[in-house]
Amino acid sequence: MTQTITPLRVEAAPERPAGLTRRDDLMQCAFDVGGVLGEPLSDVDTRRVGHMRMIVAARLRYLGLDALVETAGQIVSELVTNAIRHGGNGSVTLSQLVTRGELRLLVRDSGTGQPKPADPGLDAEGGRGLWIVGLLADELGGQAGFAPETRTAWCSLPLPHTCP
């Protein structure tokens with residue numbers, strides 16, 4: 001079981017809106033998944049979802065983006081849970097990028113095939129995670145989707161206008 005957190009700072013892009021002095025910020029967290037496809041998540045894998053939420057929340061608070069903590073936490077929960085559940089044994093990488101007026105969350109797993117939203121029935125207990133991510137992004141004027149030919153689901157949210 002490995003976990004890495006690698007913060008990286010680069011200079012802000014020249015087109016950055018006036019008044020925002022924050023630098024672009026990239027954080028990545030990676031961990032190995034021990035579960036088996038089709039089986040309930042192990043306790044360790046279940047705790048990883050909460051760990052990723054806490055890490056993202058702490059980084060957003062550090063950057064002064066408290067207004068995005070709740071929504072980003074829900075998005076991270078959905079994307080990381082899907083990666084663990086559908087990626088099989090292997091690794092999951094969560095990336096959080098704050099740049100050019102947006103927060104971008106990306107989750108990649110080492111599974112096969114392309115992520116896609118399910119079409120759950122009304123009584124289904126699951127299968128709505130990617131729809132929830134899309135709705136949360138829409139609500140804040142952001143976007144969500146998948147990187148073509150990869151196992152990466154992503155979501156981008158505009159930064160609040162009140163950012164320091």
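In which helix does Val80 lie? In this predicted model, Val80 is part of helix H2, which covers residues 69-87. Val80 has a relative accessible area of 0%, and because buried means under 20%, Val80 counts as buried.

The surroundings of Val80 come next. Leaving out residues up to four places away in sequence, Val80 touches Phe31, Val49, Met52 and Val107. Ala153 is 73 residues away from Val80 along the chain, yet the C-alpha atoms of the two are separated by 9.4 Å.

Val80 also belongs to a wider group. The largest nonpolar core has 35 residues, and those that touch the most other members are Met52, Val56, Leu60, Ile75, Val80 and Leu103. Several elements give two or more residues to this core: the helices are H1 (43-62), H2 and H3 (129-139), and the strands are S3 (24-33), S4 (90-99), S5 (102-109) and S7 (152-158). Helix H2 supplies the largest share, eight residues.

Leu60 can be followed in the same way. Apart from neighbours within four places in sequence, Leu60 is in contact with Leu65, Asp66, Leu68, Val69, Ala72, Gln96 and Leu103.

Leu103 leads on to another part of the chain, since Ser156 touches Leu103 as well. Ser156 lies in strand S7. Is Ser156 buried or exposed? Its relative accessibility is 4%, so Ser156 counts as buried. Besides Leu103, the contacts of Ser156 are Glu102, Arg104, Ala137, Gly142 and Gln143, again not counting residues up to four places away in sequence.

Key
Residues are numbered from 1 along each chain as its sequence is written. This is a predicted model: local features need pLDDT of at least 70, side-chain atom pairs count only at pLDDT 80 or more; totals for chains, interfaces and linings use all residues. Side-chain values use heavy atoms; hydrogens and water are left out. Helices (H or I, at least four residues) and strands (E, at least two) are DSSP runs, numbered from the N terminus. Buried means under 20% relative accessible area, exposed over 50%, partly exposed in between (1.4 Å probe, protein chains only). Contact means heavy atoms within 4.5 Å. A nonpolar core is a set of buried Ala, Val, Leu, Ile, Met, Phe, Trp, Tyr and Cys residues joined through side-chain atoms within 4.5 Å.
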